[in-house]
Amino acid sequence: MNKRQTRLFAVISTAIAAVAFLGMTLDTHRQFPALTHSENITPAVTRGKDVWHENNCINCHTIFGEGAYYAPDLTKISQHRGAPYLTAFLKDPSKFYDEKRHRRLMPQPNLNDQEISDLIAFFDWVANVDNQGWPPRPILVTGSSIPGTTLTVAQQDASGPGRTTDHMPPGARPVSGSDDPIALGEALFGTATPVCNACHSIAPGVNLAGPTLAGIATRAQETIASPEYAGSADSVEAYIRESITKPSAYLHPGEMYSAGGTSFMPNNYAESLTDEQIDQLAAYLATFK
């Protein structure tokens, strides 16, 4: 190439790149309303965003993959936890986690009821934004009730009758073509929405946002037989199914699991899962004696 051809090539290449960039930028802005569900940006959502910024939450937490990465990613937090849990947590985080036991400490935000409600509205809007799969996975910080130990979901032991102990997380084993309800339930434990293992451990003594499910079959029998139980279950599987579809039918002891007679566990599994899927989950969890 001579100088004239080189200059012409540079000019044309720059022009093509600029047109492509502008085209993609315009297309992105064209899709924003649909991707963000902008019609759902209510005054409460806007106020909640202001609470988020005024309290510098992003200095520790992350949304849409942006933030300090010091504390959990909150992009989908309203789907993983639900409003009752988030309300109680934001009122007094020290009831849920403390630095000595869990190696982490959420400061007291000192938010009033309106600010908490608005912040949850903001979280709910964020959770429903179509973020095109970003971040690729939520950043989970899990703690143990056993001093000096911390387990991630991927480190929990999938123990139980007929289960393997190779430290693969629930749902990681291939179940394609399987008609085994226990195997299908195990896969659902790691893939249901909200995902079960974001709140529940299957390792003994490891309580996360929800109580450990290790030994749930034995506890279910004891609960059904106790005079305090007011539910309708008459078997382990029925009790587990009731706990999934009607989590407030029996409240597990502990301030971090319920408040005002309402369980913090999401109550929409009866809508998000089929009856068959709930039976599969119950069959899987019933193996934990």
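In this tour, a residue is called buried when its relative accessible area is under 20%, exposed when that area is over 50%, and partly exposed in between, with a 1.4 Å probe and protein chains only. The model is predicted, and local features need pLDDT of at least 70, while side-chain atom pairs count only at pLDDT 80 or more and totals for chains, interfaces and linings use all residues. Residues are numbered from 1 along each chain as its sequence is written, and side-chain values use heavy atoms, with hydrogens and water left out.

**The whole chain**

Begin with the chain in cartoon view, where there are 11 helices and four strands; helices (H or I, at least four residues) and strands (E, at least two) are DSSP runs numbered from the N terminus. Of the 289 residues, 38% count as buried. Contact here means heavy atoms within 4.5 Å, and among contacts between residues at least 6 apart in sequence, 56% join residues at least 24 apart.

**Phenylalanine 123**

Select phenylalanine 123, which lies in helix α6 and, at 5% relative accessibility, counts as buried. Leaving aside neighbours within four places in sequence, phenylalanine 123 is in contact with Trp52, Leu74, Thr75, Ile77, Ser78 and Leu86. If you then add glycine 82, which is 41 residues away along the chain, the C-alpha atoms of the two residues are separated by 10.0 Å.

**Helices α4 and α6**

Next show α4 (residues 83-91) together with α6 (residues 113-127), whose axes come within 10 Å and cross at roughly 135 degrees. These axes are lines fitted to C-alpha atoms, for helices over the stretch in contact, and the angles run from 0 to 180 degrees between N-to-C directions. Angles under 35 degrees count as roughly parallel, over 145 as roughly antiparallel, 65 to 115 as roughly perpendicular and the rest as oblique, and α4 and α6 are therefore oblique to each other. To display the contact, select Ala83, Leu86, Thr87, Leu90 and Lys91 of α4 with Asp113, Ile116, Leu119, Ile120 and Phe123 of α6. The residues of this contact divide into seven nonpolar, one polar and two charged, where Ala, Val, Leu, Ile, Met, Phe, Trp, Tyr, Cys and Pro count as nonpolar, Asp, Glu, Lys and Arg as charged, and the others, Gly among them, as polar.

Staying on α4, colour its buried residues, which are Tyr85, Leu86, Ala88, Phe89 and Leu90; what covers these residues includes α3 (77-80) and α6.

**Aromatic rings**

Now show the rings of Phe, Tyr and Trp (for Trp, the six-membered ring), which pair if their centres lie within 6.5 Å, with planes under 30 degrees apart counted as stacked, over 60 as edge-to-face and the rest as tilted. By this rule the count comes to 14 aromatic pairs. In one of them, the rings of tyrosine 85 and phenylalanine 96 have their centres 5.1 Å apart and their planes at 70 degrees, so the pair is edge-to-face. Tyrosine 85 lies in helix α4 and phenylalanine 96 in the loop between α4 and α5 (99-102), so this pair ties together parts that are 11 residues apart in sequence. Both partners are buried, tyrosine 85 with a relative accessible area of 5% and phenylalanine 96 with 4%. Then return to phenylalanine 123, since ring pairs link Trp52, Phe122, Phe123 and Trp125 into a cluster.

**Helix α11**

Move to helix α11 (residues 275-285) and select its buried residues, Ile278, Gln280, Leu281, Ala282, Ala283, Tyr284 and Leu285. What covers them includes α7 (181-189), α8 (216-225), α9 (236-245) and α10 (269-272).

Of these, show α7 beside α11: the two axes come within 7 Å and cross at roughly 100 degrees, and the helices are therefore roughly perpendicular to each other. By class, the contact of α7 with α11 has nine nonpolar, three polar and one charged residues.

Then replace α7 by α9, which packs against α11 at an angle of about 125 degrees with the axes 9 Å apart, and α9 and α11 are therefore oblique to each other. The contact is made by Glu237, Ile240, Arg241, Ile244 and Thr245 of α9 and Asp275, Ile278, Asp279, Leu281, Ala282 and Leu285 of α11, and by class it has six nonpolar, one polar and four charged residues.

**Two backbone stops**

Most residues other than glycine have a negative phi. Select asparagine 56, found in the loop between α2 (43-54) and β1 (62-63), where phi is near 50 degrees, a positive value; at 45% relative accessibility, asparagine 56 counts as partly exposed. End at phenylalanine 64, in the loop between β1 and β2 (66-67), with a positive phi near 55 degrees and a relative accessibility of 26%, which counts as partly exposed.
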